[in-house]
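Here are a few notes to read alongside the structure, one topic at a time. I hope they help you find your way around.

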Amino acid sequence: MEYKHFNHEHNLAILELPAAAAAMATAKNGIDCSGCRTPISGSAYACRECNFFLHLECGNANRAMEHPSHELHHLTLLPYPTYSAGAFVCNACGAPGSSFSYCCPLCEFDLHVRCALSPAIISHRVHRHELSLTYGLPYPQAKASSSPNACGICHKLVDNNYWSYSCGLCKFQLHTSCATPEMVPVSYQAYGGAGNAAAAAAQPGSSHNESKPAEVEDQVLATQLELMRLQHELELSHQLAKMMASVNLSSLV
């Protein structure tokens, strides 16, 4: 089975990558996902000619979504950041990124693909109750536990400006990064506008033959993309003007 991904010129095939590839990637000799820059193993979309690989959930990520953490606008999937720094800071986990992201250019709101597709409710071996995804202090469900708690796994304080998994009954919290390796998804958000194919592909036992990236064609998405292009051109023009002004001033000295 092959399909065309919007960010690559060749068709991608599904390959089974050995688990050893992930360990090798940690040592910078193996295979990293071209979408999230993390080690990849198991089923993956691949173009061996270009050394281009994608996790199934990264390859199946839709071009736009409505996410409950940012209800004002659509989020648009971008293959790389358009900021002048060439990177973004994820509003979910606080970690930087330099590849795929779900972005709202109007608000400069960015999410890693994996953060955007995090399950809404999970179970975890370290706590007897189910844990709900909390979107940080600006959101109502986070205000009830605004005092930072220690993560139940790493025991470091949880920054409530970012997302966490929590149990309101027990005032128990986990960093999303700590919860992810051993969590058992219970339910996913029904993301509006773009479906939930990528989240479904990430669930254990899901069939990659049934998942294929869906293109979203709507006026909001088109407007956002055009706005981002104009903002990028404006930033480049501003930088060029500053450079030319600097050159002109130095010639007068």
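**Notes on the predicted model**

1. A good place to start is an open sheet of four strands, in the order E5-E6-E9-E10, with antiparallel pairing. Strands here are DSSP runs of at least two residues (E), helices are runs of at least four (H or I), and both are numbered from the N terminus; two strands pair if DSSP finds at least two bridges between them. At the edges are strand E5 (64-67) and strand E10 (109-111), each of which pairs on one side only.

2. Before going further, please keep in mind that this is a predicted model: local features need pLDDT of at least 70, side-chain atom pairs count only at pLDDT 80 or more, and totals for chains, interfaces and linings use all residues. Residues are numbered from 1 along each chain as its sequence is written, and side-chain values use heavy atoms, leaving out hydrogens and water.

3. Within the sheet, strand E6 (residues 70-78) pairs with E9 in the antiparallel sense over three bridges. To see one residue pair, look at Leu 77: its bridge partner in E9 is Tyr 102.

4. Where is Ser 99? Ser 99 lies in the loop between strand E8 (96-97) and strand E9 (101-104). With 4% relative accessibility, Ser 99 is buried (under 20%; exposed is over 50% and partly exposed in between, with a 1.4 Å probe and protein chains only). The Ser 99 side chain reaches the backbone oxygen of Gly 35 at 2.6 Å. Leaving aside residues up to four places away in sequence, Ser 99 touches several others, including Cys 36, Leu 78, Tyr 80 and Phe 88 (contact means heavy atoms within 4.5 Å).

5. Two residues other than glycine deserve a look for their positive phi: Asn 51, near 55°, and Glu 108, near 50°. Asn 51 is in the loop between strand E3 (42-47) and strand E4 (52-55), and is exposed at 56% relative accessibility. Glu 108 is in the loop between E9 and E10, and is exposed as well, at 55%.

6. Finally, the structure holds two aromatic pairs (ring centres of Phe, Tyr or Trp, the last by its six-membered ring, within 6.5 Å; planes under 30 degrees apart are stacked, over 60 edge-to-face, the rest tilted). One of them joins Tyr 135 and Trp 163 edge-to-face, at 4.9 Å centre to centre and 65° between the planes. These partners are 28 residues apart, so the pair links distant parts of the chain. Tyr 135 is buried at 6% relative accessible area, and Trp 163 is buried at 4%.

Notes. Polar contact = N/O pair within 3.5 Å; in protein donor to acceptor, adjacent residues only side chain to side chain.
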